[in-house]
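Subject: Structure handover

Hello,

Please find the structure below, with its sequence. My notes on what was found in it follow.

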Amino acid sequence: MNDHPQRGPVDESWRTDLTRAWAAEIAKTVFIPMSHAKIVRLLGRMTATLADAVVAEPPDPAGVAEIGPALVNRAISGKATLATTLDVLGRGLLAMPNPPPELPARVVAVLSVLAAGYAEALRERTYISQEALKRSLIKAKRDTERSLADSDARLRAIFSSSAVGIAISTPTGKFAQTNAALTEILGYGQPELAGMSVQDLAHADAAGWLAESIADLLAGRRPNFRERCRLVHQDGESVWAYLAVSLLRDDHDQPAYLVTMVEDVTELHLLGDRLGHQSLHDMLTGLPNRQYFVSTLERALGGSPANGRITLFHFGLDRFTVVNDGLGQHVGDQLLRAVAQRLESVFQGETAMVARLGGDEFAVLLEGTADTPGVGEYAARVLDTLAVPMFVGGDGIAVSTCMGIVDRIGTGQDPAELLRAADMTLHRAKRRGAGQWDLFDARQDAADRSRFRLAATLPGALQADQLDVVYQRLLRFSDETTIGVTARLAWRPPAQQPMRHSEVLALAEETGVVLPVGRWVIRRACQQAAEWWKAHGPATPPLVVDLSAGQARDPDLVGVVRRELDAVELPAEQLRLGVSLGSAAQNDEIIDNILVLAEMGVTSSLLDYGTEHADLLLRGEFTLRAVVLDPRLGDSLAEERAAEITEPVVRSLVDFAHSLGLPVAVGGIRHEEHLRRLRAVGVDAGQGEPLSPSVSADRITLG
């Protein structure tokens, strides 16, 4: 019984249409001795079995194995029946409504089982026929002594009418008689076959074992044998055949004749090759797929290249969804095919495999020599080649790609680990923008893996309530009074250094839990602020919560704030938000939230204030309580040499904010000289560990 979850029922109208199409096409290949209605009902049950096998989780082709024998047993087995069946079902199943993931691979797997069952049933039927024929021949030979004329006529009738090629040979192997079917299969005339042997017709790769098998027959070590063998046609082409060879003995139990039956299975062999090719190649581009690429990588790593240089390129197209969404998926498919051809042209002449790993990702395995150009040159060639517009439907489309490159790979390494390393290197390149490439660096990889490991465990830490909030006073420089308390995230993963607020938010962005984390911080902050409010009343400084751009554009941010304030009966004025802006498209959503929150009484400060915000502030589209200087600018004043360069820039930004009536705050104050320089350029307020350390709620001084 299958314990895996199943998909919903397959669409009945689609299945009916596919059944009718199959019945119509298959009727053209063979006469079927049953009514059309019975044919449709039979094929309908088979279609249902195929569809259920494709959508099963995991794919379950067990029931499909019976379809091929069922077709053969009902005489639905013409010369083109199997090819027509696979063509109709392949196209029909690929057009399945509500398809499961990896549909092409599922369809290939299911149809492979159908084809194998059909071929085995056909082979078994032929074997039974051959055995019956062999018994008839033996009987005919023995009856010759009793009734030579009658037996000879019967033997000749069987011999001439058989669709299977038959040759009767002397014990030396030379053909004594051959039938017309054998001449059709091999292209030789009967006079040409006279005096030849089956070994003379065998391909070079089969001659050795064939001679040994016949020797075993003559020596009595085996009564007969059946093998698939490659023969050579008269025109030099290969013919794949099933050979059934038996030994006839005389009345003295001595070898008298060898009877060889030849069944042409070239079409089935080619079909098997085609299915095998499809299972190892991408259906859209024709390139090797991930499975084939990994097996080739394993082979390369198991060998010993002459110069020890193996390079793995991992490509990810930039903004490919823009093409799919803007011009349609059919254009995207054509673009992928064009990219595949251009990548092959770049690496032409090298020992290289270009593969499509899936989606918009490609890979190249390059087995280099001393004359192979460096990775930088190949990266430039790829970018230049893809930058030339590709004309699809009259539109000239150019595409760029990022690349993760692992160079000079030693043999014996783990293929899965190399693919992971190339993938992480690719994503590191993507973070720098479009058209970038990066080389694998072991130290950076270790740092990234550690970071990703933390990111992966963050949702569990949030669920298990392992996060904490620490508080730090915000001081006004003019009189050193506390004008606010900032609530910040704190997380100390096991065996790791404590992580700061911004670091935790960055990890939350990567794992998709930034909104739950932000809402959790607001809830905890409001609960703590309510306790202070009840204890100190209006003298309580407001509580500040800094939000990332992702949190600030949360469509439900206003609702979250309202619910948390109401839950603890905290005045709106006691909560302030520090807000980071994102891209221009995101800013509209953030500004809308700021305006609605301001109407509620919750004011906001602009975080990471810098020169890029000047135009936005001048437009006056939203009301702010203050701005918080970009940490990079604030930190620059901590060192004397950097301060000499950036102090005029910081002063101008502070003056600009003051001209708009906005006080300027700063975080991360390191020492007295740092504080002095910040005061000198006009910064109004700030916080830092030397001024007021970050502590738990029960240790903070609010006065």
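Leu624 is a convenient place to begin: this residue sits in the loop that runs between α23 (614–619) and β18 (626–629). Bear in mind that the model is predicted. Leu624 has a relative accessibility of 12%, so it counts as buried, the cut-off being under 20%. Setting aside neighbours within four places in sequence, the residues in contact with Leu624 are Ser604, Ser605, Leu606, Leu617 and Leu662. Thr85 lies 539 residues from Leu624 along the chain, and the C-alpha atoms of the two are separated by 70 Å.

A second buried residue is Thr296, with a relative accessible area of 9%. Thr296 belongs to helix α12 (residues 290–302). Not counting residues up to four places away in sequence, Thr296 touches Met353 and Leu365.

Next, two helix pairs.

Helix α17 (residues 442–463) packs against helix α18 (residues 501–511) with the axes 9 Å apart and an angle of about 80 degrees. Angles from 65 to 115 degrees count as roughly perpendicular, and therefore α17 is roughly perpendicular to α18. On the α17 side the contact is made by Arg451, Phe452, Leu454, Ala455, Ala456, Leu458 and Pro459, and on the α18 side by Val504, Ala506, Leu507, Ala508, Glu510 and Thr511. Sorted by class, the residues in the contact of α17 with α18 are ten nonpolar, one polar and two charged.

The other pair is helix α19 (residues 514–536) and helix α21 (residues 557–568), whose axes come within 9 Å and cross at roughly 30 degrees. With that angle, α19 is roughly parallel to α21, because the limit for this is under 35 degrees. The crossing of α19 and α21 is right-handed. From α19, the residues Arg519, Ile522, Arg523, Cys526, Gln527, Ala530 and Lys534 meet Leu557, Val560, Val561, Glu564, Leu565 and Val568 of α21. The contact of α19 with α21 divides into eight nonpolar, one polar and four charged residues.

Finally, the nonpolar cores. The largest has 78 residues, and those with the most contacts inside it are Tyr471, Trp491, Val545, Val561 and Leu577. Helix α19 supplies the largest share of this core, ten residues. Val561 thus appears twice in these notes, in the contact with α19 and in the largest core. Another core, of 37 residues, lies apart from the largest one and includes Trp22, Ile32, Val110 and Leu111.

Regards

Note on methods:
Residues numbered from 1 in each chain as written. Predicted model: local features only at pLDDT ≥ 70, side-chain atom pairs only at ≥ 80, totals over all residues. Heavy atoms only, no water. Axes fitted to C-alpha atoms, helices over the stretch in contact; angles between N-to-C directions. Helix = DSSP H or I, 4+ residues; strand = E, 2+ residues; numbered from the N terminus. Parallel < 35°, antiparallel > 145°, perpendicular 65-115°, else oblique. Left-handed = near helix turned anticlockwise from the far one by under 90°. Contact = heavy atoms within 4.5 Å. Nonpolar A, V, L, I, M, F, W, Y, C, P; charged D, E, K, R; others polar. Core = buried A, V, L, I, M, F, W, Y, C linked by side-chain atoms within 4.5 Å. Buried < 20%, exposed > 50% of the residue type's maximum accessible area, 1.4 Å probe, protein only.
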